[in-house]
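Colleague: I should be grateful for a close look at a single part of this model, namely the N-terminal strands and their pairing. Please set that part in the context of the whole.

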Amino acid sequence: MEIQAIDGGFAREVSGVELWRELPDPVLEALRDAWTRHGVLVFRRQALSEEEYAAFGRKFGELDVTVRPDWGSKHRPDVIHISNMRNGKGESIGGLGAGELDWHTDQSYVANPSTGSMLYMVEMPPAGGRTWWANLQLAWEALSEAAKRRIEPLHVVYDYLLRQSTYDDEAPMSEELRHRTPPVSHPLVNVHPVTGQKALYLDPVTAAGIEGWPADESRDLIAEVRAHATQPAFVYAHEWQIGDVVMWDNGFLMHRREEFDPSALRWLKRTTLYLPPDRHIVPPSRPV
Ligand code: SIN
C-alpha cells in the first residue's frame with residue numbers, strides 16, 4: 001500500500017489496496033493514522049457490495065443511521081444513496097438532487113455528530129458534479145493572532161431546517177424530522193486529540209448564528225470565516241471516476257459539490273461513521 005499527497009496538497013491518495021478484502025491490522029492502522037492526520041483519503045478503482053462497503057467503514061467507527069432513512073438503501077439503512085436518479089416508478093432513489101451544494105459539514109446539526117463520511121461513486125455525469133473539500137486546520141493556522149483570539153471562544157448554533165431548505169427535490173420538513181433535529185451549538189474552534197493542532201469547525205449552510213451575538217454580526221462573521229477558509233490554498237477538488245471511494249473527517253473539513261446537468265445520471269453511496277474522539281475531532285455540543 002502507498003499513501004501519497006495529491007498534487008502536493010493535504011488530500012492523500014491510497015493505492016495498492018482492495019477494500020473488498022479483509023485488510024491486515026497494520027494496513028488498517030496506517031489508514032486510521034493517515035485519515036486522522038490528513039482528513040481526506042481517496043481510493044481509486046474499487047468494486048464493493050454494500051456489505052463490503054459497510055464492513056470497511058466499520059473498521060474506523062460505528063456506522064450511523066442518519067436522520068434521512070428516506071435516502072437509505074433498501075438493503076442496509078446505514079448506506080444511503082446520494083443521487084438525482086429515479087426508479088421505474090419515477091420515485092427518487094436518493095437525496096441531494098443535481099444542484100450545487102454550498103460549503104457545509106455533515107452532521108453539524110446533531111448534538112453528538114458522526115463525523116466520518118465516505119462516498120463511493122457508482123454512476124457519474126460526463127461533466128460537473130466535482131466535490132471539493134476545505135481544510136479548516138490549515139485555515140485556522142493562517143488566521144492572524146488577533147482573529148484567532150477573537151473567534152476562539154465562540155460557539156455556533158446549527159439548525160437542520162436551514163440546511164434542508166437548500167436541497168432541491170425536497171418535500172417540506174415533516175414534524176417528525178423537525179422533532180429529531182432540534183438546534184444545537186458547537187465550538188467554532190477545536191483541538192485535534194492526536195496532533196494537538198487547532199482547527200475551525202463550521203457549517204455555513206446550517207449555521208443559524210453565533211451564540212449570544214446579534215443576527216447581523218453573526219452573519220458577517222460566519223461569511224468572513226467561510227471566505228477565509230475556502231481560499232484555494234486550503235481546498236482540494238476531486239475529479240470523480242467510477243469506483244472511487246473518498247473518506248473525509250468532518251471534524252476539520254467542509255465540503256461542497258458543483259452542480260451538474262439534471263438530465264445526466266449521478267449516484268453515490270454514502271456511509272457515515274462515529275469516529276472515536278481519542279483519534280479525531282468530535283465537536284462537543286451544548287443545549288441551545
Ligand atoms: C454531500 O454533500 O454529502 C454530497 C457530496 C456529493 O454529492 O458529491
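Modeller: The account below begins with the overall fold, turns to the N-terminal strands, and ends with a second sheet and the ligand shell.

The model is predicted: local features need pLDDT of at least 70, side-chain atom pairs count only at pLDDT 80 or more, and totals for chains, interfaces and linings use all residues. Residues are numbered from 1 along each chain as its sequence is written.

The protein contains 7 helices and 18 strands; both are DSSP runs numbered from the N terminus, helices being H or I of at least four residues and strands E of at least two. Its radius of gyration, 18 Å, is close to the 19 Å that the globule rule gives for 288 residues, so the protein is as compact as a globular protein of that length. That radius is taken over C-alpha atoms, and the rule is 2.2 Å times the number of residues to the power 0.38. Buried residues account for 40% of the 288, a residue being buried if 20 or more other C-beta atoms, placed from the backbone, lie within 10 Å of its own.

In the part requested, strand β1 (residues 2–5) runs antiparallel to β2 and is joined to it by 4 bridges; two strands pair if DSSP finds at least two bridges between them. Within this pairing, Glu2 stands opposite Ser15 in β2. The hairpin of β1 and β2 has 6 residues between the strands, and Asp7 there takes a positive phi near 50°.

Strand β2 (residues 12–15) also pairs with β3 (residues 40–43), here in the parallel sense over 3 bridges, and Val14 stands opposite Phe43 in β3. In a regular strand the side chains alternate between the two faces of the sheet. In β2, Arg12 and Val14 form the covered face, whereas Glu13 and Ser15 form the uncovered one.

Elsewhere, 3 strands make an open antiparallel sheet in the order β11-β10-β14. β11 (184–187) and β14 (207–210) stand at the edges with a single partner strand each, so one side of each is left without a neighbour in the sheet. β10 (residues 155–158) pairs with β14 over 3 bridges, and Val156 stands opposite Ile210 in β14.

Finally, the residues around the ligand are Ile82, Leu96, Leu101, Asp106, Thr131, His255, Arg257 and Leu268, each with its C-beta atom, placed from the backbone, within 6 Å of the ligand.

Terms used: A residue is buried if 20 or more other C-beta atoms lie within 10 Å of its own, exposed if 12 or fewer, and partly exposed in between; C-beta atoms are placed from the backbone.
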